[in-house]
Amino acid sequence: MQHPQITSQFIGDNLIYHIKHNKFEAKISRFGGHVLSFIPNGQSDVLWMSNSAVLDGSVAIRGGIPLCWPWFGAASGENAREPQHGYARILPWQFELESFDEQSVRLTATPIDTENKLAKFNLKLKLILVLDSHLNIQLQTTNISEKPVELSQAIHTYFDVNEIEPTQLFGLEGTDYLDKLQDNQQTQSGAISITEETDRVYLTNTPEVKLDSANHGVNIGGSGHDSMVVWNPWINKAKAMKDFDDLGYKHMICVEMANTQGLTVSAGDTVTLSQQISVL
Ligand code: TA6
């Protein structure tokens, strides 16, 4: 049996794992529990990574699959001064190689609460990654308290689309969405094309959408979500972010399985948010 080749290299304090398997190649950052790159055999990288991304563990990584947890977006209420998109993407994680064979590699990981930031949320988080010619990512959250706990989260995947102009996202036709830029609710007419800054929360738990772009078609499946986020910063916002290549907006789109609509995890319960990425 050909074993996967797993090597690692430090970038600053961060460890980057590099997995070479007969079905795929992938890079995963210990910091953030963050998939950086996923290349199925014979394909180009499915994930977009900014060339200006910082990988040394000092700041959240721009590209790949950031994990937004235990909240999505700006913190609110008593957490108001805490980081956008929560702590999961800015903590080191402990990875375990669960199993591997000719078909796939299965990893699990948990965040290491080095700054004692997570205890007060009474939530335990486990990441499950199954990599083969597809990528299956699951976020398992358990409420370890006696009371219900609110949770918002997102698997914030940056897809590489080569060129944004011809790219279309199918599967959300007729779906209502919150437009975060116009601060209103609208209904999607036809397939989604990106021609300007786009930041939308689609109010749906549809199990699958399809991304058609110049380099490949990608099926994006998921479960456990109550919404899907579609984001492209376009030129001005891209320029305003130090770690986002000025022209990077031409080559990416974020399509995120998310819980943004008031999910509450009952005492002792576990909820799972997942995304499956398959190149067609
Ligand atoms: O997922 C879309 C979004 O919430 C946008 O509003 C934008 O803020 C994006 O996430 C990136 O957030 P970040 O904190 O990674 O710069």
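**Aromatic pairs, strands and a surface patch**

This predicted model holds 10 aromatic pairs.

Q: Why is the pair of W48 and Y158 called stacked?
A: The two ring planes make an angle of 25°, and planes under 30 degrees apart count as stacked. The centres sit 5.7 Å from each other, and the cut-off for a pair is 6.5 Å, so W48 and Y158 qualify as a pair and as a stacked one.

Q: What makes this a link between distant parts of the chain?
A: W48 lies in the loop between β4 (34–40) and β5 (67–68), while Y158 belongs to strand β11 (residues 158–160). That puts them 110 residues apart.

Q: How do you know whether W48 is buried or exposed?
A: Its relative accessibility is 5%, and buried means under 20%, so W48 counts as buried.

Q: And how do you know which class Y158 falls in?
A: Y158 comes out at 2% relative accessibility. With the buried cut-off at under 20%, Y158 is therefore buried.

Q: Why is the pair of W71 and F121 called edge-to-face?
A: Their planes meet at 65°, and over 60 degrees counts as edge-to-face. The ring centres are 5.5 Å apart, within the 6.5 Å needed for a pair, so the label edge-to-face pair fits W71 and F121.

Q: Where in the chain do these two rings come from?
A: W71 is in the loop between β5 and β6 (93–100), and F121 is in the loop between β7 (105–111) and β8. They are 50 residues apart, and this pair also links distant parts of the chain.

Q: What makes W71 and F121 count as buried?
A: W71 has a relative accessible area of 7% and F121 has 11%. Buried means under 20%, so W71 and F121 are both buried.

Q: Which residues make up the aromatic cluster with W48?
A: W48, Y158, W231 and F244 form one cluster. One of these, W231, also turns up in strand β18 as the bridge partner of D199.

Q: What makes β15 a mostly covered strand?
A: In β15 (residues 198–202), five of its five residues are buried. T198, R200 and Y202 are buried on one side, D199 and V201 on the other, so both faces are covered.

Q: How do you know that β15 pairs with β13 and β18?
A: A strand pair needs at least two bridges. β15 has three bridges to β13 (residues 176–179) and five to β18 (residues 227–232), so both count as pairs. Each of the two pairings is antiparallel. On the β13 side, Y177 has Y202 as its bridge partner.

Q: Why is β9 described as largely enclosed?
A: Seven of the 10 residues of β9 (residues 134–143) are buried, so the rest of the structure largely encloses this strand.

Q: Which strands pair with β9?
A: β8 (residues 123–131) pairs with β9 in the antiparallel sense over nine bridges, with I128 opposite Q138. β8 and β9 form a hairpin with two residues between them. Nine bridges also join β9 to β20 (residues 270–279), again antiparallel, and there Q140 stands opposite T272.

Q: Why is I6 called partly exposed?
A: I6, in strand β1 (residues 5–11), has 38% relative accessibility. Buried is under 20% and exposed is over 50%, so I6 lands in between and counts as partly exposed.

Q: What makes I6 eligible for a surface patch?
A: Patch residues need over 30% relative accessible area, and I6 has 38%. I6 joins L97 and F100 in a nonpolar patch with about 240 Å² of accessible area together.

Definitions and conventions
Residues are numbered from 1 along each chain as its sequence is written. This is a predicted model: local features need pLDDT of at least 70, side-chain atom pairs count only at pLDDT 80 or more; totals for chains, interfaces and linings use all residues. Side-chain values use heavy atoms; hydrogens and water are left out. Patches are made of residues with over 30% relative accessible area and no salt bridge: like charges are joined within 9 Å, nonpolar side chains (Val, Leu, Ile, Met, Phe, Trp, Tyr) within 5 Å. Accessible areas come from the Shrake-Rupley method with a 1.4 Å probe; for residues, only the protein chains shown count as cover. A salt bridge is a side-chain nitrogen of Lys or Arg within 4 Å of a carboxyl oxygen of Asp or Glu. Helices (H or I, at least four residues) and strands (E, at least two) are DSSP runs, numbered from the N terminus. Buried means under 20% relative accessible area, exposed over 50%, partly exposed in between (1.4 Å probe, protein chains only). Rings of Phe, Tyr and Trp (its six-membered ring) pair if their centres lie within 6.5 Å; planes under 30 degrees apart count as stacked, over 60 as edge-to-face and the rest as tilted.
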